[in-house]
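Reader: I should like a close look at the nonpolar interior of this chain. Please describe how that part is built and what surrounds it.

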Amino acid sequence: MASRRRIHWGFAVLGALAIALVLWVLLKPHPKPQRPHLIPVAAVRATVQDVPVSITALGAAQAWTSDTIFAQVSGRLLSVNFTEGASVRAGQVLAVIDPAPYRAALMQAEGTLARDQALLANARLDLKRYQTLAAQDSIARQTADTQTALVKQDEGVVLTDRGAVAAARVNLGWTRITSPISGRAGVRLVDPGNLVSASGSVGSAPATAAATNGTAAPGGTSGGSSSGGSGGSGIVVINQIEPIAVTFTVPQGQFQHLIELTDGFRRPLAAVATSQETGDVLDRGELRIADNRVDPSTGTVELKARFDNAARRLWPGQFVNVELTLETLHGAVAIPSTAVNQGPNGPFVYIVGPKSRAVMRPVSIAWTQGTTSVAKSGVRPGDIVVVDGQMILKPGAEVRIMQAPAGRAKP
């Protein structure tokens, strides 16, 4: 009996535990279903803009005109009449060579000319008398003919003397060395007191009124930045920096496009020079000149742009970035370049569609300029495109926009 009683109590306890477990399961509070996780993204609206199409290249500023000033006559340098690093005017006297030997040479040439002119005048009077006597058969005709030849000889001597006087005057004028252009003077290369020569060298030979190099340009200069055949360093270099030039190269493929856009460079293109360090705009100018050949070693063509440089922010030898505007795409659908993704089937973007769900859409990009891409197809004006957070997106995913969609894509 006792054992049966224990068994009955065991069944009763188990039944009570089973009933309690069922009641706990039935009465347990169930958690509410959670909403799907929202993926945070940044997005902006596609806008309609005028987007400039341009190319960027590394350029170097150089003087629009650079002249190395040389002496064209030999002598002692009396004075240097410019301030290093200062602006000079065209025709301004830069230096003076001792003119005394050249004044003496001019005086000697003028004296020789006066003497020979007197001899010519006397020969002409004799010729006139001989012609009268020959007409009267008072002298032989040969005497008159000989006098005619003598007059012509004296005329040649006088003509030679006049050339010598002109040369002496030119040499005397070249003792005043003037600037052929307006620009900025560089560092003085020769000090007063030195003996300079027409070859550009500095030496200790005595000054003489020697004949000058007839190939040099008037004013004591050699044209351009070359030495004009002179072996010395010159007196100073004058650089024209208003305007200034910036040279750069473009690939021959882009060069063909430039020819078409400029009608064979008859129409200038807008160019912008920016600082390599800060990106600031230094000046705005125009593309004016293209080289006449393609460099076969690099496959590029050298171009030259002209900048007014009124603020003098460009300096010869300075490296800058040159942005050349080719054309402007009017009414283009612009989106940030960060919105464009590359997939196995080509570029695509994520659009925030109805109910804030991501829609993957293939896109065709016509041009990328800086941080802005121009969509040829796949994006319509006003579409909200995802610019950040695409890596964790999937088509149909619900998103939460962290940036207001009113943001504009800046070219």
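Author: Helices here are DSSP runs of H or I with at least four residues, and strands are runs of E with at least two, numbered from the N terminus. On that basis the chain, which is a predicted model, has four helices and 22 strands. Of its 411 residues, 36% count as buried.

The largest nonpolar core holds 31 residues, and the members that touch the most others are F82, L94, I97, I177, V236 and I238. Two or more residues of this core come from each of β3 (75–80), β5 (93–97), α2 (100–135), α3 (141–173) and β11 (236–251). The greatest contribution is that of α2, with seven residues.

L94 illustrates the surroundings of one such member. Beyond its neighbours within four places in sequence, L94 is in contact with I69, S79, V80, N81, F82, V88, I177, T178, S179, V236 and I238. Apart from this core there is a second, separate one of 27 residues, with A57, F265, L269 and V320 among them.

The two helices that contribute to the largest core also pack against each other: the axes of α2 and α3 lie 8 Å apart, at an angle of about 165°. Because angles over 145 degrees count as roughly antiparallel, α2 is roughly antiparallel to α3. Their crossing is left-handed. In the contact of α2 with α3 there are 19 nonpolar, seven polar and eleven charged residues.

For the chain as a whole, among contacts between residues at least 6 apart in sequence, 78% join residues at least 24 apart.

How values were computed: Residues numbered from 1 in each chain as written. Predicted model: local features only at pLDDT ≥ 70, side-chain atom pairs only at ≥ 80, totals over all residues. Heavy atoms only, no water. Core = buried A, V, L, I, M, F, W, Y, C linked by side-chain atoms within 4.5 Å. Buried < 20%, exposed > 50% of the residue type's maximum accessible area, 1.4 Å probe, protein only. Contact = heavy atoms within 4.5 Å. Axes fitted to C-alpha atoms, helices over the stretch in contact; angles between N-to-C directions. Parallel < 35°, antiparallel > 145°, perpendicular 65-115°, else oblique. Left-handed = near helix turned anticlockwise from the far one by under 90°. Nonpolar A, V, L, I, M, F, W, Y, C, P; charged D, E, K, R; others polar.
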